Amino acid sequence: MIALTDVRHQILAIPSLILPEGTTALIGPNGSGKSTLLSLLAGLHLPQEGSVRFDGRLPREVEIGWVDEFPDQSILFTCVFDEIAGPSRFACLPCGETERRVGEAATLVGIEGLLTRTVRDLSGGERALVALATALSSRPEVLVLDEFDSHLDEETAGEVERAIGACRCPYVVRCTQDMEAASRADMVVFLKEGSVVHAGPPAEVFLALEKTCFYPDLWRCGRAGGA
Ligand SMILES: Nc1ncnc2c1ncn2[C@@H]1O[C@H](COP(=O)(O)OP(=O)(O)OP(=O)(O)O)[C@@H](O)[C@H]1O
């Protein structure tokens, strides 16, 4: 499990939060602290106070994949293959293993056909998929996604959902403004002004949010099996 204890960091004040294995969706109003919390989970920052532990380990002791809202801004290489190979090469893995991991990640995300392309010639959605494949290529134990799918069309977003579901990453923590996507997570955490207001299974959290704009439209319409 991921355990946050007595965390204070910028806007965040979280006495205790436990995230079990599976997918956790972070939701909440703009400025509520979702990205700040994800940056702690990704190990990009240490909390000013308190601790974040992954099955008792520090973030730096865990393989973490991270994709943010503007994934094309963090692309480093010219060619798609080289971009996805980046984490393996930085880890000094042998060439054969690097190729295996690139192929595995590209297949998972469905972008085998892009491997020889130049990154700058790709669309924004294709670059987001490359960024996801790059994060998955290190076979992370924790995948942290900060609204990186916010600019994707419905079909590509569906591809992403499928890839995330198939990646067998023990922990996926994502923040999203798509309440339907959040409702499919194993756990939902609703943040407001830096505090965790609700945390639990989707049915429980969305029941508490029924009269707010955070309730999934499909559930409101009674077309999906919600609360
Ligand atoms: N380095 C920082 N120091 C202090 N406050 C910060 C810092 N970075 C961001 N903030 C503030 O913390 C608050 C939470 O920001 P954060 O980006 O985590 O919210 P969010 O829930 O992800 O918002 P959004 O949905 O708009 O992306 C905001 O008011 C932001 O201005």
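Q: Is isoleucine 2 buried or exposed?
A: In this predicted model, isoleucine 2 sits in strand E1, which covers residues 2-9. Buried means under 20% relative accessible area. The relative accessible area of isoleucine 2 is 0%, so the residue counts as buried.

Q: How many Å apart in space are isoleucine 2 and aspartate 55, C-alpha to C-alpha?
A: Isoleucine 2 belongs to strand E1. In sequence, 53 residues separate isoleucine 2 from aspartate 55. In space, their C-alpha atoms are separated by 6.2 Å.

Q: Which residue of strand E1 has a positive phi although it is not a glycine?
A: Strand E1 spans residues 2-9. A phi of about 50° is found at a residue placed in this strand. That residue is aspartate 6.

Q: Which residues surround the ligand?
A: The shell divides into 2 nonpolar, 8 polar and 2 charged residues. A residue is counted if one of its heavy atoms lies within 4 Å of the ligand. The residues are Gln10, Ile11, Pro29, Asn30, Gly31, Ser32, Gly33, Lys34, Ser35, Thr36, Glu147 and Gln177.

Q: How far from an oxygen atom of the ligand is an N or O atom in the side chain of lysine 34?
A: Lysine 34 is one of the residues surrounding the ligand. A polar contact needs a pair of N or O atoms within 3.5 Å. The side chain of lysine 34 meets a ligand oxygen atom at 2.8 Å.

Q: What percentage of the ligand's area does the protein bury?
A: Polar atoms of the protein approach ligand oxygen atoms at several points: asparagine 30 does so through its side chain at 3.0 Å, and serine 32 through a backbone N or O atom at 3.1 Å. Taken alone, the ligand exposes 640 Å². Of that area, the protein buries 53%.

Q: Why is helix H1 largely enclosed by the rest of the structure?
A: Helix H1 runs over residues 34-41. Its buried residues are Lys34, Thr36, Leu37, Leu38, Ser39, Leu40 and Leu41. The helix is largely enclosed because the buried residues number 7 of the 8.

Q: Which residue with a positive phi follows H1?
A: H1 comprises residues 34-41. The phi in question is near 75°. It belongs to glycine 43.

Q: Is cysteine 92 buried or exposed?
A: Cysteine 92 is in the loop between helix H2 (80-90) and helix H3 (95-109). Its phi is positive, about 60°, although cysteine 92 is not a glycine. Exposed means over 50% relative accessible area. At 67% relative accessibility, cysteine 92 is therefore exposed.

Q: Which residue does arginine 174 join through a side-chain polar contact?
A: Arginine 174 lies in strand E7, residues 171-175. Its relative accessible area is 5%, so arginine 174 is buried. The contact between the two side chains is 3.0 Å, and the partner of arginine 174 is glutamate 161.

Q: How far apart are the end C-alpha atoms of residues 2-218?
A: The unreviewed UniProt entry annotates residues 2-218 as "domain: ABC transporter". This span is 35% helix and 25% strand. Its end C-alpha atoms are separated by 30 Å.

Q: What ipTM does the predictor give the complex?
A: The protein chain averages a pLDDT of 91, and 97% of the residues score at least 70. For the complex, the predictor gives a pTM of 0.90 and an ipTM of 0.94.

Technical notes. Residues numbered from 1 in each chain as written. Predicted model: local features only at pLDDT ≥ 70, side-chain atom pairs only at ≥ 80, totals over all residues. Heavy atoms only, no water. Polar contact = N/O pair within 3.5 Å; in protein donor to acceptor, adjacent residues only side chain to side chain. Areas by Shrake-Rupley, 256 points an atom, 1.4 Å probe, with all protein chains shown as cover. Nonpolar A, V, L, I, M, F, W, Y, C, P; charged D, E, K, R; others polar. Buried < 20%, exposed > 50% of the residue type's maximum accessible area, 1.4 Å probe, protein only. Helix = DSSP H or I, 4+ residues; strand = E, 2+ residues; numbered from the N terminus. pLDDT = per-residue confidence, 0-100. UniProt positions renumbered as here; feature names shortened; annotations may be inferred.
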